[in-house]
Amino acid sequence: MQNVDPKLARTISWIAGAVAIVVAITLPLGYFSISYQYQLGMLDAQADINSRIASQVINANPEIWRFMTGRLEGFLSRRPSGGYAEVRRIVDNDNNIIAQSVDVLDSPTITRSAELLDSGIVVGRIEIVRSLRPLLIRTAGVAFFALLLSWMAYLSLKILPLRALKRALAENTRLLGEAERRAGEYAQLFEETGQRAQEQTALSTIANAASQSLEIHEMLQSALDKTLEATKRTVGIV
């Protein structure tokens, strides 16, 4: 079996390694980026919705809304059950916390906010803080899966092409050997045919010579017979 060209083998290995690295890096990064943008979008939407509801409460109580801590905290605590752990707070323009709903959050976190309006005037903002720890854990799981997938891709892209090349080279070697064997057989057959032709030519030459010898003998015998007939003799030597 012929060996694959080392340069070609190295090229295949480099390509397989590059694909594996791309898979191992792109898959978890892509997952994290998409999920992170999705969470930002969700937080922006929640902050906007909650700011509008809180602004209605502020507009209905323009002078005393800063003292309605219990009502505002109850409002901030209302969110779908089973959702992400979040810290929600209402802050005035002096960065004083008016009300907040606190959950235990693991760092790192992301924060999104929206303005609170009182008759079109900004009087504060509502902030929503969410931990990125669950996303990071899921991304780690995706990264582990990506490593397995990249390793499988590396082995597939490296081993399978090399194995196919080795099989092709082996098949070519077999076919070349078969062709050489048949060429030898044809050469031997051609040589045997030439020898037989030479033998046939020799036999034909001998046959022609023998035929000519018989014709001369017959001619001499005929001449002798006529001579004996003319001379009235009965014995002659040819």
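Me: Two strands pair if DSSP finds at least two bridges between them. Which residue in E4 does Thr 109 stand opposite?

Reply: First, a word on the source: this is a predicted model, where local features need pLDDT of at least 70, side-chain atom pairs count only at pLDDT 80 or more, and totals for chains, interfaces and linings use all residues. Residues are numbered from 1 along each chain as its sequence is written, and side-chain values use heavy atoms, with hydrogens and water left out. Strand E3 (residues 109-118) pairs with E4 in the antiparallel sense over 10 bridges. Within that pairing, look across from Thr 109 and you meet Ser 131.

Me: In what pattern do helices and strands follow along the sequence?

Reply: Helices (H or I, at least four residues) and strands (E, at least two) are DSSP runs, numbered from the N terminus. The chain holds three helices and four strands. Reading along the sequence, you find the pattern α-α-β-β-β-β-α.

Me: Which residue takes a positive phi in the hairpin of E3 and E4?

Reply: Follow the chain from E3 towards E4, and you come to the two residues between the strands. One of the residues in this hairpin has a phi near 55°, and that residue is Ser 119.

Me: What is the bridge partner of Glu 86 in E4?

Reply: Strand E1 (residues 86-92) also pairs with E4, in the antiparallel sense and over seven bridges. Look for Glu 86 in E1, and its bridge partner in E4 is Arg 130.

Me: How many residues of strand E4 are buried?

Reply: Buried means under 20% relative accessible area, exposed over 50%, and partly exposed in between (1.4 Å probe, protein chains only). E4 runs over residues 121-131 and is mostly covered. Of its 11 residues, the number buried is eight.

Me: Within what arc do the buried residues of H2 fall?

Reply: In helix H2 (residues 69-77), the buried residues are Leu 72, Phe 75 and Leu 76. Because their arc is narrow enough to put them on one side, they line one face of the helix. Taking directions from the helix axis to the C-beta atoms, that arc is 100°.

Me: Which strands are included in what covers the buried residues of H2?

Reply: Part of the cover comes from helix H1 (6-60). Strands help too, and those included are E1, E2 (97-101) and E4.

Me: What is the relative accessible area of Leu 157?

Reply: Leu 157 has its place in helix H3 (residues 133-231). Leu 157 is partly exposed, because its relative accessible area is 35%.

Key: Contact = heavy atoms within 4.5 Å.
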